Amino acid sequence: MRDCLILMAFLFVVWSCADQKEHTAPAINDRDSVSMMTSYGVNTLISDSGVIKYKIVTERWDVNIIKQPTRWTFEKGIFLEQFDEQFHVEAFIQADTAWYYDQIKLWELRGRVSIRNVNGLIFNSEELFWDGMKHELYSNQFSRVITPERTLQGSYFRSDERMTHYFVSNSKGSFQSSDMESEPQPSQPAAQQPGAPASQDTAQVQPPTRKVATKRAATPKNTQPQ
């Protein structure tokens, strides 16, 4: 009887060990989702080549060096101050979401993008790219540019970094009454080529024409012989 109990206990142990399964979590294969650094409540200065270029204020800042190209991600929105070489504020930039591709120096701003510079220019759009290599800004979405002199809006926007020369295609807008003293001649807008110099805006107004008074020589009256 004792030997029978021992045999049954041995068989039970062997059967239990045979049915055991190892419970392990699946491996993380998508390493692209892992950020090297995540910071919250950021208020910092960013320099480029030893010169302070920006002040960044954001709720969350992720740095990812695994995705290609490597990038900084600002999913909770971003507020930027841009400085010149004398550390004077040149512009204020705000967006709902932003990515900065540090290897190619490209900013991608999305959702309620707004810019205001020291010259009184205001830019609004849902998209803006800022190319630090070419020193230009551009957008393929509907954009509005407001200056103290005029308001322009169109489906394509390109400008230099300081927004002193800009181009808006398929534009419409309002101008000062002095610009519209004469009816402009119809013209076909030229297609903007990448790298071509940008004009101030696409809505060009012809200067008013003046009527030139011409003097005519007096003709002698016919006289009847007496």
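Biologist: Which side chain does the side chain of E136 join in a polar contact, and at what distance?
Modeller: This is a predicted model. E136 is found in strand 9, residues 136–139. Its side chain joins that of R158 in a polar contact of 2.6 Å.

Biologist: Is E136 buried or exposed?
Modeller: The cut-off for buried is under 20% relative accessible area. E136 has 15% relative accessibility, so E136 counts as buried.

Biologist: Which residues is E136 in contact with, leaving aside its neighbours within four places in sequence?
Modeller: R158, the partner in the polar contact, is one of them. The full set is F129, W130, D131, R158, S159, D160 and E161.

Biologist: How many bridges join strand 4 to strand 5?
Modeller: Strand 4 covers residues 78–83 and strand 5 covers residues 89–95. They run antiparallel. One bridge partner pair is E81 and F92, with F92 in strand 5. The number of bridges joining the two strands is six.

Biologist: Which residue in the turn between strand 4 and strand 5 has a positive phi?
Modeller: The two strands form a hairpin with five residues between them. A phi of about 65 degrees belongs to F87.

Biologist: Which residue in strand 7 stands opposite Q94?
Modeller: Strand 7 spans residues 106–117. Strand 5 and strand 7 run antiparallel, joined by four bridges. Opposite Q94 stands S114.

Biologist: Where does Q68 lie, and is Q68 buried or exposed?
Modeller: Q68 sits in the loop between strand 2 (51–64) and strand 3 (71–74). The cut-off for exposed is over 50%. At 57% relative accessibility, Q68 therefore counts as exposed.

Biologist: How far apart in space are Q68 and Q103?
Modeller: In sequence they are 35 residues apart. In space, C-alpha to C-alpha, the distance is 9.4 Å.

Biologist: Which residues form a nonpolar patch on the surface with M37?
Modeller: M37 lies in strand 1, residues 37–48. At 31% relative accessibility, M37 counts as partly exposed. The patch has about 430 Å² of accessible area together. The other members are V34, M36, I65 and I66.

Biologist: What percentage of the exposed area of the chain do carbon and sulfur atoms supply?
Modeller: The chain has 226 residues, and 30% of them count as buried. The chain exposes about 16500 Å². The share from carbon and sulfur atoms is 52%.

Biologist: How many strands does the chain have?
Modeller: The chain has one helix. Of the contacts with a separation of 6 or more, 37% come from residues 24 or more positions apart. The strand count is 14.

Methods:
Residues numbered from 1 in each chain as written. Predicted model: local features only at pLDDT ≥ 70, side-chain atom pairs only at ≥ 80, totals over all residues. Heavy atoms only, no water. Buried < 20%, exposed > 50% of the residue type's maximum accessible area, 1.4 Å probe, protein only. Contact = heavy atoms within 4.5 Å. Areas by Shrake-Rupley, 256 points an atom, 1.4 Å probe, with all protein chains shown as cover. Patch = residues over 30% accessible without salt bridge, like charges linked within 9 Å, V, L, I, M, F, W, Y side chains within 5 Å. Salt bridge = Lys/Arg side-chain N within 4 Å of Asp/Glu carboxyl O. Polar contact = N/O pair within 3.5 Å; in protein donor to acceptor, adjacent residues only side chain to side chain. Pairing = 2+ DSSP bridges.
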